[in-house]
Amino acid sequence: MFFLNVLTSGLLSGLMYALVAIGFVLIYKASGVFNFAQGSMVLFAALTFVVLNEHGLPFWAAFPITVLVMIVGAVLIERLVLRPLVNRSPNTLFMATLGLSFVIEGLAQALFGSDVHQLDLGIDDMPLDLWGLQISTFDIFASAVAVVLVAVLAVLFSKTRMGISLRAVADDTLAAQSIGIRLPRIWQIVWSVSGLVALVAGLLWGARQGVQFSLSLVVLKAMPVLIIGGFSSIPGAIVGGLLVGATENLADIYIGPLVQGSVSTWFAYILAVAFLLIRPSGLFGETTIARV
Amino acid sequence: MGDPARTLLASEQTLLHVDGVEAIYGDAILALRGVSFGVPKGAIVALLGANGAGKSTTLKAVSNLLGASRGRISKGTITWRGEVTGRLSPADLVRKGIVQVLEGRHCFPQLTVEENLLSGGFARRPGRRELRDDLDRIYALFPRLKLRRRGKAGLLSGGEQQMVAIGRALMSRPTLMLLDEPSMGLAPMIVEEIFEIIRRLNADDGVTFLLAEQNAHLVLRYAHHGVVLENGRVAASAPAADLLARDDVIDFYLGGSASSPASN
């Protein structure tokens with residue numbers, strides 16, 4: 001039973017990693033850019049929300065305003081950063097997102113200060129006893145939110161014109177341009193959606209640990225998740241997140257005492273290195289279909 | 001931008017004017033050195049020439065897709081129905097009726113055949129019904145695609161992929177279709193089938209074509225007019241029948257006699 005408890009709490013924190021990783025995958029798929037600024041977006045979104053909230057706006061008002069802020073941010077990023085760098089190498093774009101992460105963090109600090117904010121979403125963090133399994137109500141809520149978000153994204157991607165266009169761009173950018181799909185527009189949409197995912201991730205993380213600057217460091221935890229799951233796969237991000245969450249929690253309990261220290265801080269990276277050696281494309285990395 | 005004299009000169013019958021166009025890649029390689037020709041409404045015009053003569057570059061200059069290969073037009077103008085296209089995006093041009101089928105087909109491999117076709121129709125923002133009708137039109141043209149519509153396009157044969165690429169472009173209801181090496185890597189039977197469809201689209205639906213093709217003997221049987229490119233310049237421009245009759249042109253510029261048609 002103890003083992004199961006450790007496992008479930010690990011899986012639930014893994015879901016949070018998965019949410020952050022999904023933001024990466026969205027942008028990576030549509031533009032081939034590894035967006036280093038995803039962590040700062042998580043921070044910025046959570047800070048915006050929490051400050052609005054502290055100024056007396058209720059959830060139902062603060063949330064859409066924050067979404068709006070993220071959309072405006074996405075449009076600005078496309079105009080000011082991506083468009084001037086169009087047709088450049090992925091490395092150039094990666095470096096640009098690295099710079100972007102500093103700009104966003106600096107902006108967050110200038111606008112909102114560097115205090116730690118408490119975020120109360122009004123969900124109790126009470127342990128619930130389910131057939132001997134201890135699960136917090138907040139964790140159940142968080143996983144429900146994550147599941148709903150992923151389901152909505154999945155439907156958007158598979159059914160709508162926008163979704164088909166997004167996948168078309170991800171598959172072959174040049175061909176997408178040749179049939180009249182507007183890349184700038186697609187990028188604005190993708191960055192907006194990934195801003196929304198960042199907001200949800202930021203709220204769920206922030207409610208747990210307080211909204212503070214260390215939130216942007218989740219970007220470092222998302223890295224092994226992506227390596228394990230595959231950079232271009234949303235299911236991969238989910239499975240990778242769960243795997244990292246579960247294994248690091250288990251390792252902390254069962255290996256931790258042996259090495260007399262916390263294992264969870266580095267275990268995911270060891271796991272990622274193992275994956276790089278054995279299966280570099282990750283669990284769900286897109287296998288290229290090619291027929292000559 | 002809008003030169004009124006040119007607008008007047010552009011006769012209603014000539015849809016596309018390519019006028020003294022120079023194109024460079026990466027600020028170093030001059031791929032086109034002043035190419036000029038026109039595409040009359042309702043015609044099939046063939047761009048001929050060996051590898052590296054500038055056929056693909058010319059097509060991409062017309063569709064404004066040069067930027068994606070880090071190239072640009074450094075001189076000259078391209079005019080589409082009296083409008084200079086220099087500052088329009090590829091998406092704008094698709095809305096104005098120019099669509100390109102890229103060399104090597106470029107289907108979306110992870111998308112189904114049907115999604116591939118649908119994606120070509122989005123540019124016009126058609127209604128759901130209209131999109132459906134267009135799709136049925138493509139399936140009538142390529143019955144084989146209907147059978148495989150739920151399969152991923154990446155798993156199709158080369159010929160079927162070419163059909164998907166052409167069908168996808170047709171979904172935008174183009175006035176002018178640019179085709180880059182439609183015969184490349186395909187079996188002769190399939191090539192004939194695809195050229196027959198081009199002829200049908202031209203005759204029945206009035207679609208104008210600009211085709212880049214290495215296989216001169218093949219394409220001149222279907223084209224009305226041929227433009228021969230050599231080293232980024234126009235070496236010859238004449239009605240297709242005249243070019244076919246002049247074996248010297250074909251031998252000299254297109255690298256092959258009738259007995260050994262250009263490979264690929």
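How much area is buried between chain B and chain A, and what percentage of it do carbon and sulfur atoms give? I took this up first, keeping in mind that the model is predicted.

**Entry: the interface by area.** I looked up the area buried between chain B and chain A and found about 2,600 Å². Carbon and sulfur atoms give 57% of that area. On the side of chain B, I noted that B:Phe108, B:Gln110 and B:Phe122 lose the most area to chain A. Together these three residues account for 23% of what the chain B side buries.

**Entry: the interface by residues.** I then turned to contacts, where 36 residues of chain B meet 22 residues of chain A.

**Entry: polar and charged pairs.** I looked for salt bridges between chain B and chain A, and the count is 2. I wrote down one of them, in which the side chains of B:Glu115 and A:Arg167 meet at 2.9 Å, N to O. For polar contacts across the interface of chain B and chain A, I found 5 residue pairs, with both residues at pLDDT 80 or more.

I next asked which elements of chain B give two or more residues to the side that touches chain A. They are helix H3 (90-95), strand S6 (98-101), helix H4 (113-121) and helix H5 (128-141). H3(B) provides the largest share of that side, with 5 residues. By residue class, I recorded 18 nonpolar, 10 polar and 8 charged residues on the side of chain B that touches chain A.

**Entry: B:Asn64.** I located B:Asn64 in the loop between helix H2 (55-63) and strand S4 (71-80) of chain B. Is this residue, B:Asn64, buried or exposed? I put B:Asn64 down as buried because its relative accessible area is 17%, under the cut-off of 20%.

I checked what the side chain of B:Asn64 has for polar partners. A polar atom of that side chain lies 3.0 Å from the backbone oxygen of B:Thr85. The backbone oxygen of B:Leu88 lies 2.6 Å from a polar atom of the B:Asn64 side chain. Leaving out residues up to four places away in sequence, I listed B:Thr85, B:Gly86, B:Leu88, B:Pro90 and B:Leu93 as touching B:Asn64.

**Entry: chain A segments.** I consulted the unreviewed UniProt entry, which lists several residue ranges of chain A under "transmembrane region", including 132-157 and 186-205. Over residues 132-157 of chain A, I read 81% helix and 15% strand, with the end C-alpha atoms 39 Å apart. Over residues 186-205 of chain A, I read 100% helix and 0% strand, with the end C-alpha atoms 28 Å apart.

Notes
Residues numbered from 1 in each chain as written. Chains lettered and ligands numbered in written order. Predicted model: local features only at pLDDT ≥ 70, side-chain atom pairs only at ≥ 80, totals over all residues. Heavy atoms only, no water. Contact = heavy atoms within 4.5 Å. Buried area = accessible area lost by both parts, 1.4 Å probe. Salt bridge = Lys/Arg side-chain N within 4 Å of Asp/Glu carboxyl O. Polar contact = N/O pair within 3.5 Å; in protein donor to acceptor, adjacent residues only side chain to side chain. Helix = DSSP H or I, 4+ residues; strand = E, 2+ residues; numbered from the N terminus. Nonpolar A, V, L, I, M, F, W, Y, C, P; charged D, E, K, R; others polar. Buried < 20%, exposed > 50% of the residue type's maximum accessible area, 1.4 Å probe, protein only. UniProt positions renumbered as here; feature names shortened; annotations may be inferred.
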